[in-house]
Amino acid sequence: MAREETACCIVGGGPAGMMLGLLLARAGVRVQVLEKHGDFLRDFRGDTVHASTLTLLDELGLGESFWAIPHRLLAQALLPLSGPRPVTVDLDLLPGPHKHIAMVPQWDLLGLLARAAGQEPTFTLRMATEVTGLLREGDAVTGVRYRTQDGQCGELHATLTVACDGRTSTVRAASGLRHRDFGVPLDVWWFRLPRHPGDPEGLAARAGRGGALVLIDRGEYFQVGYLIRKGSDARMRAEGIEAFRTRLAALLPRMPDRAAAVRSWDEVKLLNVRLDRMQRWFTPGLLCIGDAAHAMSPIGGVGINLAIQDAVATARLLAAPLLAGRVGGRDLARVQLRRWLPTVVTQSLQWVMHQTLVKHGLTGAADAAERDTPPKPALLLQRFRRLRAALAHVIAIGVLPEHAPAFARRPPTPPSRGPEAVGPRATPRP
């Protein structure tokens with residue numbers, strides 16, 4: 001069994017893991033990122049790059065490279081489950097140069113971060129390497145066991161292990177650390193539909209008596225998130241694929257023929273939506289951040305943004321202890337303390353939206369008349385633009401936005417805001 005050593009072992013090559021790896025490597029920390037998949041080309045659930053992340057990329061000197069990636073820009077965020085009409089949340093009152101959210105395939109964002117990190121001599125990215133367990137000495141975590149795609153096993157010893165492996169975190173499960181589940185009223189079906197010229201660009205939402213869905217424009221096709229009641233997957237599948245196509249066509253009155261593109265239930269994947277939070281994010285030698293520490297609901301699309309900000313705070317607070325070869329409990333506690341308030345506030349807002357907008361939108365046929373009248377929070381948002389702007393700030397920037405530490409900054413690229421964002425959707429792909 002191979003035995004290796006590094007200063008920081010990051011488990012998971014998602015947005016939090018890749019951002020943390022880049023930042024620590026720019027500080028000179030020896031860091032290895034272990035990603036179980038062989039590439040980034042998968043149907044991720046989050047393609048939104050929020051205003052605070054766009055500012056961060058500028059600070060890292062990656063703004064120009066980012067805008068070279070095919071993208072859409074959203075001038076408004078949409079809340080699809082608020083009655084017969086989606087509520088639009090204005091982004092034009094945001095402070096700073098980025099008054100929009102960018103829609104970029106997550107694999108392109110991860111590729112950008114991987115290329116930038118690969119330029120640092122202390123950075124290593126190991127794809128197709130799955131973490132299978134934790135190494136321990138007494139109560140302290142000292143690294144991980146892993147298995148490569150070809151079946152080779154090894155041990156990577158590290159001063160600090162950081163779990164960035166998402167809501168189904170293997171590391172979190174092995175750590176014994178507890179989390180609190182807040183419960184959610186929805187799950188999501190995830191599938192593709194063909195996209196034709198003239199179809200909505202960027203992000204579009206549809207709501208009606210057949211349920212609600214979000215269309216994510218990926219050029220030649222839509223990635224679709226279809227919202228259903230929590231726990232209703234098996235019952236609705238039992239009704240048959242034709243019943244599903246009928247519901248889907250009802251939500252897409254301008255393109256009802258697209259529903260026929262879903263040929264079988266094998267093409268419809270279930271996202272088990274969770275909203276949970278660890279009580280304590282760390283134990284000696286181990287820290288959890290992003291969805292591994294606090295699984296977010298897809299409502300508002302804030303999960304990626306929050307995970308990246310966790311990574312920035314972690315790098316700023318732990319780079320010096322890692323370079324010194326000593327990371328204590330107080331160092332890890334400072335990370336949780338820094339990120340606790342924005343996590344709690346954001347999750348609380350999501351919970352409120354679940355109990356008002358989401359439950360309202362997912363009511364059954366017997367409640368159709370009630371559902372066709374927007375709930376009070378939706379009416380307030382529709383009436384007061386300033387209230388929508390405040391919500392836009394929480395969604396697009398966050399409660400406590402993080403900025404790149406001095407050691408990670410690079411000379412700024414020429415000021416670029418990308419193409420001008422227009423309307424609730426976006427500008428054409430370049």
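**Exercise 1. Find which residue forms a salt bridge with aspartate 291, and place both partners in the chain.**

Step 1. Apply the criterion: a salt bridge is a side-chain nitrogen of Lys or Arg within 4 Å of a carboxyl oxygen of Asp or Glu.
Step 2. The partner of aspartate 291 is arginine 167, with the closest N and O atoms 3.3 Å apart.
Step 3. Locate them. Aspartate 291 sits in the loop between β20 (286-288) and α8 (303-324), and arginine 167 in the loop between β11 (153-163) and α5 (170-175). The pair links distant parts of the chain, 124 residues apart. Helices (H or I, at least four residues) and strands (E, at least two) are DSSP runs, numbered from the N terminus.
Step 4. Classify arginine 167. Buried means under 20% relative accessible area, exposed over 50%, partly exposed in between (1.4 Å probe, protein chains only). Arginine 167 has 15% relative accessibility, so it counts as buried.

The model is predicted: local features need pLDDT of at least 70, side-chain atom pairs count only at pLDDT 80 or more, and totals for chains, interfaces and linings use all residues. Residues are numbered from 1 along each chain as its sequence is written, and side-chain values use heavy atoms, with hydrogens and water left out.

**Exercise 2. Count the salt bridges, then examine the partners of glutamate 5 and arginine 263.**

Step 1. The rule gives 21 salt bridges.
Step 2. Glutamate 5 pairs with arginine 3, and their closest N and O atoms are 3.2 Å apart. Glutamate 5 is exposed because its relative accessible area is 52%. Arginine 3 is exposed at 52% relative accessibility.
Step 3. Arginine 263 pairs with glutamate 267, and here the closest N and O atoms are 2.9 Å apart. Arginine 263 is exposed at 65%. Glutamate 267 is partly exposed at 26%.
Step 4. Look for a network. Salt bridges link Asp310, Arg316, Arg338, Arg339 and Glu402.

**Exercise 3. Describe how β9 and β10 are joined, and find positive phi values around them.**

Step 1. Strands β9 (residues 129-137) and β10 (residues 140-148) run antiparallel, joined by eight bridges. Two strands pair if DSSP finds at least two bridges between them.
Step 2. Arginine 136 has valine 141 in β10 as its bridge partner.
Step 3. The two strands form a hairpin with two residues between them. In the turn, glycine 138 has a positive phi of about 65°.
Step 4. Go to the loop between β8 (123-126) and β9, where alanine 128 is found. Alanine 128 has a positive phi near 50°, though it is not a glycine. Most residues other than glycine have a negative phi. Alanine 128 counts as buried, at 12% relative accessibility.

**Exercise 4. Is helix α2 enclosed or open to the surface?**

Step 1. Helix α2 covers residues 51-59, and seven of its nine residues are buried.
Step 2. The buried residues are Ala51, Ser52, Thr53, Leu54, Leu56, Leu57 and Glu59.
Step 3. Therefore α2 is largely enclosed by the rest of the structure.
Step 4. Just after α2, glycine 61 has a positive phi of about 80°.

**Exercise 5. Decide where the coordinates call for caution.**

Step 1. Start from pLDDT, the predictor's confidence in each residue, from 0 to 100. The chain averages 84, and 83% of the residues score at least 70.
Step 2. Residues 364-371 stay under 50 and have 11 contacts (heavy atoms within 4.5 Å) beyond four places in sequence.
Step 3. Residues 414-430 are also below 50, with 56 contacts beyond near neighbours in sequence.
Step 4. Where pLDDT is low, predicted coordinates should not be read in detail.
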